[in-house]
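Q: Could you take me through the aromatic rings in this structure? I would like a close look at one part, with the cut-offs spelled out.

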Amino acid sequence: MEERVSNSGRKTQKVYLWMRTYIDENKFANSGKLPSENVLSIRLSVSRETVRLAFKRLEEEGLIRRVKGSGTFINKEVALTKELGGSGGKIKVGLILQGQDTAANSSLIEGIRGVVSEDEVDLRIFLTDNKFVNERRCLQTIIHQDFQGFIVDGVKASMLNQNLDCYEQIYQKKIPVIFYNNYYKNLKYPHVTVNDRQCANRLMALLIKAGHRRIAGIFNYDNYQSIEKFQGMTAAMRRYDVEFQDDYIKWYISDESHESRFERSVEKFLKNLPQCTAIVCCNVMIYRLVQQIVEGMGKSIPEDYSVVCFDYSGDDWREKGITCSIHQGNQIGQEVATRLLKMIKNREWKEEKYSCVLSPQIFVGNSIGQARHKVFCQS
């Protein structure tokens, strides 16, 4: 009898640990829906009762929630700060992600894990959803635990950050931190970024050489990267003697982009620019939205609008034919992991020594056509 109970407990623990890893790897997914008990029992070769017991434990911990008639889902609010997927490595590292671009996050994590072994580094992943309150929860959760270093994508980095006091505590403890993509200028921590101004110059040059002068741009104003892209765009327009017009720029905040009304707002913006021939998208999510809106307007790319995109994080840029900068998540992951390990071992680190700016990688597709002058007649 005791043997059967012990065996059952081990199987339940096996399912529980498998699900913890699954939640860690899939908490960035849009739906966050978990496999059914029946699917898991077949996949893991255990009884449905064993799966049910593991689910019960996860539910008690607040990591999952059941929706009658719909299934079981990851409780993302808890997963924001819950320690998941620990490997038991000697060096404990926290990875704080925005979490809004699943493909970019996966590529970054793959790059990090390509440098560090699980035996060496226990990588713990936290998600902010680009919100100050979630970042604070992440920092408060891990600040008093035994972490040797942090890799961080800053929250709304172009704005005054509300959590600098937490970072100050980390700094006082001499715990190494390295930022990537978005970093806080108030802090003297190193960062790994892509040269977004150079990237903007190259993308704008392609549009302008194709005859485009009425160029719209959609940018996120609470994102440091996006500000750099905008400044690169305007600098390129001055360089090529193209007139800048404020009405041709749409600014948005990150939270707004997840609302249903945002699509209508972008559509209205484009319809109010009847002479516009080209659109610059600050990231892949905006590009996909623009593509959808253009098609809904009965128009096409590049016949009616030429489109370029920053940080295309999918692996289908050739198939889609989008002229873009390719997101370098894997290389960024390798860079931050390599530099952080050196900082941890050295302990005497300086911002300048460990910072890195990568050159952009541009793919020239077929999303840019020759500009055709649009005649606008008011009815």
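A: Happy to; here is a walk through the aromatic pairs, starting from one ring. This is a predicted model, in which local features need pLDDT of at least 70 and side-chain atom pairs count only at pLDDT 80 or more, while totals for chains, interfaces and linings use all residues. Residues are numbered from 1 along each chain as its sequence is written, and side-chain values use heavy atoms, with hydrogens and water left out.

A search of the whole structure finds 14 aromatic pairs (rings of Phe, Tyr and Trp, the last by its six-membered ring, with centres within 6.5 Å; planes under 30 degrees apart are stacked, over 60 edge-to-face and the rest tilted). One of them joins F219 and F230 edge-to-face, with 5.6 Å centre to centre and 70° between the planes. This pair links distant parts of the chain, 11 residues apart: F219 belongs to strand β8 (residues 215-220) and F230 to helix α9 (residues 224-239). Helices (H or I, at least four residues) and strands (E, at least two) are DSSP runs, numbered from the N terminus.

F219 also pairs with W251, this time tilted, at 5.9 Å centre to centre and 45° between the planes. Here strand β8 is linked to strand β9 (residues 249-252), which holds W251, 32 residues from F219.

How buried are these rings? F219 counts as buried because its relative accessibility is 0%, and F230 is buried too. W251 is partly exposed because its value is 32% (buried is under 20% relative accessible area, exposed over 50%, partly exposed in between, with a 1.4 Å probe and protein chains only).

Elsewhere, ring pairs join Y167, Y171, F179, Y184 and Y189 into a cluster.
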